[in-house]
Amino acid sequence: MTKLLRCRDVGFDCDAEVRGETDEAILAQVAVHARDVHGVVEVPDAVVQRAIENIREEDATE
Ligand SMILES: [Zn+2]
């Protein structure tokens, strides 16, 4: 099952979605996305925590 995280759920006004097989894979992509798109060089722990809490299983029917 693919996991999904919406950038918006982390607190950015952004429609990007990140998918991965594991939380770690998603967090790695979020870090790259935050840096490249939002100019966040180092993601604060609070944002990482919020990201972890908002990772969900992608609905297969979606
Ligand atoms: Zn974003």
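Here are four short exercises on this predicted model, each with a worked solution.

Residues are numbered from 1 along each chain as its sequence is written. In this predicted model local features need pLDDT of at least 70, side-chain atom pairs count only at pLDDT 80 or more, and totals for chains, interfaces and linings use all residues, while side-chain values use heavy atoms and leave out hydrogens and water.

**Exercise 1: the sheet**

Task: work out the order of the three strands in the open sheet, and find which strands stand at the edges.

Solution:
- Begin with the terms. Strands (E, at least two residues) and helices (H or I, at least four residues) are DSSP runs, numbered from the N terminus. Two strands pair if DSSP finds at least two bridges between them.
- Next, look at the pairs. Strand 1, residues 3-6, pairs with strand 3 in the antiparallel sense over two bridges. Strand 1 and strand 2 are also antiparallel, over four bridges.
- Check this with L4: its bridge partner in strand 3 is R56, and in strand 2 L4 stands opposite R19.
- Now read off the order, which is 2-1-3. Strand 2 (17-20) and strand 3 (56-57) stand at the edges with a single partner strand each, so one side of each has no neighbour in the sheet.

**Exercise 2: the faces of strand 2**

Task: sort the side chains of strand 2 by the face they point to, and say which are buried.

Solution:
- Recall the general pattern: in a regular strand, side chains alternate between the two faces of the sheet.
- Fix the cut-offs: buried means under 20% relative accessible area, exposed over 50%, and partly exposed in between (1.4 Å probe, protein chains only).
- Sort the residues. V18 and G20 point to one face and are buried, while E17 and R19 point to the other and are not.

**Exercise 3: the zinc site**

Task: name the donors of the zinc ion and find the geometry of its site.

Solution:
- Donors are N, O and S atoms within 2.8 Å of the metal (3.2 Å for Na, K and Ca); water is not among the atoms, so sites may look incomplete.
- List them: C7 (SG), C14 (SG), H33 (NE2) and H38 (NE2) coordinate the zinc ion at 2.0 to 2.3 Å.
- Test the angles. Four donors count as tetrahedral if all angles lie between 85 and 135 degrees. Here the angles are 106 to 115 degrees, and the site is tetrahedral.
- Trace the donors along the chain: their spacing is C-x6-C-x18-H-x4-H. C14 lies in the loop between helix 1 (7-10) and strand 2, and H33 in helix 2, so this pair ties together parts 19 residues apart in sequence. Both C14 and H33 are buried.

**Exercise 4: salt bridges**

Task: find the salt bridge partners of K3 and D13, and describe how exposed D23, D13 and R8 are.

Solution:
- A salt bridge is a side-chain nitrogen of Lys or Arg within 4 Å of a carboxyl oxygen of Asp or Glu. By this rule the count is nine.
- Take K3: its partner is D23, with the closest N and O atoms 3.3 Å apart. The pair links distant parts of the chain, as K3 is in strand 1 and D23 in helix 2, 20 residues apart. D23 is partly exposed, at 22% relative accessible area.
- Take D13: its partner is R8, with the closest N and O atoms 3.2 Å apart. D13 is exposed at 71%, and R8 is partly exposed at 41%.

Note on methods: Tetrahedral: all angles 85-135°; square planar, octahedral: opposite > 155°, others 65-115°.
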